[in-house]
Structure formats: structure tokens, C-alpha cells
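Please read the following note with the sequence and the structure open beside it. The points are numbered so that each can be checked in turn.

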Amino acid sequence: MRMALLDEVTRLGIPIEGDRFRKLYAFYFPTKTLDSGPETIRRNKRVVVRAVIDSSNTLRNSERAKQVFAHLRQLLEGRVSAVISVEEWRNQFENVERVYGYPFVQNATWQHCAGSSTEFRGYTCGLWTTFHALTANVIITHSKNSGTAPNPLGPLRAIQGWVQSFFGCEHCRQHFMKMTTQTFPMSEQRVFRLNDMLMYLWRAHNIVNARLHGTNTEA
């Protein structure tokens, strides 16, 4: 989480403005995660989801993390000029995470996403896990609240926008954008219900797994 919102966002060292500002504002992280229960199974490194799992566990430190996210959201909302320097963004992030007791784990080893060596899997696997949790959290939140269902393409577009504007792995970014615009486009024809949003991301992930199958990147 911290690397995506801090290191990646400030990586280029240029002001966050225009389209990059809008995509940062649109991106958000969930505070709940799905149990990896019997409804989720893996077959030959392909992920198959048989049903939406309706149970959830509050992430460790999630309440404090939510406060950090809320502060950053308010910072962006209050920026009428729609521009913020990387120095201010970094300072705001580091100050508010200190105030809320450093809720994001740093310098820890990967567990579920650990590869055969440090250069494999890790962060990119963690991003996919975050993206899945984000879409699942939308469904969980809606199931607990009455009212109009959110646009199911919204969270997917937010993910796509962050990848396009901030993801530091250039060839990963190019493959992701090609997949979501050409190979397996995000569209209203494919995604018109909340469950479609969840399934779209799993299928997209399977496409990536199939493309990388047998390469060193998945070691």
C-alpha cells in the first residue's frame, strides 16, 4: 500500500497535475479483505472463483490506515488548482502516517507473494492482491448498505488509471493497458453488474498468469 501510494506516485519527481492528479484522486484502497475460503481454488496457477465470498476480516491496522487515506483524500479535495508537488505529497504522507502510528508495514518479507528469489513476484503479486481486495470490498460494502449500486466499472477504471499513470514497471504497464483496452477490454458489455467487476479482474489476472507461465517472472 505504502509503496503504491508514496513511492510510485512520487517516483518521477514531477508535479502531480492534470490527468495524473485526477487518476490519483480516483484511486482508493480497501480496508477489508476476503477470506481465502473454499470458494476460491487454484488449478495450475489459474485462479477460479465459484462464488462471491461474503465474509471479511478487518485488515490489521486498517482503522489507522483509513485515517491516513482520509487525510490524503481531503488534501486532494481541497486542492482547487488540481496540482500538488511530489515534495508536499511525500511530506503529507510521512507526517500523517507518523501521527497514526505507522499503520503500513515496511521492510517486511513477502509471504503469500514470495518468489524463489527477491526479484520475482513480491510487489506485483501484492498489487494484484490489493486490486482483488478493492473490488471485493466494493461488493461487501454495498451488500451491507441499501441504496443504488455503484457503477461496477468505476473501481476497475480507478485501477486502470493508477497503472497507466503511476506503475513504475514499464513493460508491465504496457501489457496491462493493452489487455484492458484491446485483448480483454473493460467495457459495459462485459461489466454491467457488481459481480461482473469481480469476475473481470479474476479473468484478467488469469490472462496475465497464462502469458507469464513458464517465465522467470513467476518463479
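1. Y102 sits in the loop between α4 and α5, and in this predicted model the phi angle of Y102 is near 50 degrees, a positive value in a residue that is not glycine. With a relative accessibility of 45%, Y102 counts as partly exposed, because that class covers what lies between the buried limit of 20% and the exposed limit of 50%.

2. A82 should be looked at alongside that residue. The phi angle of A82 is near 55 degrees, again a positive value in a residue other than glycine, and A82 belongs to the loop between α3 and β6, the strand at 83-84. Its relative accessible area is 28%, so A82 is partly exposed.

3. For orientation in the overall fold, the protein chain contains eight helices and six strands, and their order along the sequence follows the pattern α-β-α-β-β-β-β-α-β-α-α-α-α-α. Of the 219 residues in the protein chain, 40% count as buried. Among contacts in the protein chain with a separation of 6 or more, 69% are made by residues 24 or more positions apart.

4. Which residues have the most contacts inside the largest nonpolar core? They are I16, W89, F131 and W162, in a core that has 51 residues. At least two residues of this core come from each of the helices α1 (2-10), α2 (18-26), α3 (62-77), α4 (86-99), α5 (123-143), α6 (153-166), α7 (170-183) and α8 (194-212).

5. F131 deserves a closer look within that core. When its neighbours within four places in sequence are left aside, F131 is in contact with F27, I159, W162, V163 and L201. F131 also belongs to a cluster that ring pairs build from F27, Y123, W128, F131, W162, F167 and F176.

6. The structure holds nine aromatic pairs. In one of them, F27 and W162 are stacked, with 5.6 Å from centre to centre and 25 degrees between the planes. This pair links distant parts of the chain, since F27 is in the loop between α2 and β2 (32-34) while W162 is in helix α6, 135 residues apart. Both F27 and W162 are buried.

7. A further stacked aromatic pair is formed by F184 and Y200, at 4.5 Å centre to centre and with 5 degrees between the planes. F184 lies in the loop between α7 and α8 and Y200 in helix α8, so this pair ties together parts of the chain that are 16 residues apart in sequence. F184 is buried, at a relative accessible area of 12%, and Y200 is buried as well, at 2%.

8. What surrounds T180, if its neighbours within four places in sequence are left aside? T180 is then in contact with Q160, P185, M186 and Y200, the last of these being the tyrosine that stacks with F184. T180 is placed in helix α7, and its relative accessibility of 2% makes it count as buried, because the limit for that class is under 20%. A polar atom of the T180 side chain lies 3.4 Å from the backbone oxygen of M177.

9. The count of disulfides comes to one, and this bond joins C169 to C172 with an S to S distance of 2.1 Å. The torsion about the S-S bond is about 60 degrees, so the disulfide is right-handed. C172 counts as partly exposed, at 21% relative accessibility, and a reader should note that the buried class is defined as under 20%.

10. Two further places are worth locating on the model. R73 lies over the face of Y25, at 4.5 Å from the ring centre. F192, in the loop between α7 and α8, has a relative accessibility of 53% and therefore counts as exposed, since the limit for that class is over 50%. F192 and P152 are 40 residues apart in sequence, yet their C-alpha atoms are 6.3 Å apart in space.

How values were computed. Residues are numbered from 1 along each chain as its sequence is written. This is a predicted model: local features need pLDDT of at least 70, side-chain atom pairs count only at pLDDT 80 or more; totals for chains, interfaces and linings use all residues. Side-chain values use heavy atoms; hydrogens and water are left out. A nonpolar core is a set of buried Ala, Val, Leu, Ile, Met, Phe, Trp, Tyr and Cys residues joined through side-chain atoms within 4.5 Å. Buried means under 20% relative accessible area, exposed over 50%, partly exposed in between (1.4 Å probe, protein chains only). Helices (H or I, at least four residues) and strands (E, at least two) are DSSP runs, numbered from the N terminus. Contact means heavy atoms within 4.5 Å. Rings of Phe, Tyr and Trp (its six-membered ring) pair if their centres lie within 6.5 Å; planes under 30 degrees apart count as stacked, over 60 as edge-to-face and the rest as tilted. A charge sits over a ring if NZ of Lys or CZ of Arg is within 6 Å of the ring centre and within 35 degrees of the ring normal. A polar contact is a pair of N or O atoms within 3.5 Å; within protein, one must be able to donate a hydrogen and the other to accept it, and residues adjacent in sequence count only if both atoms are side-chain atoms. A disulfide is a pair of cysteine sulfur atoms within 2.5 Å.
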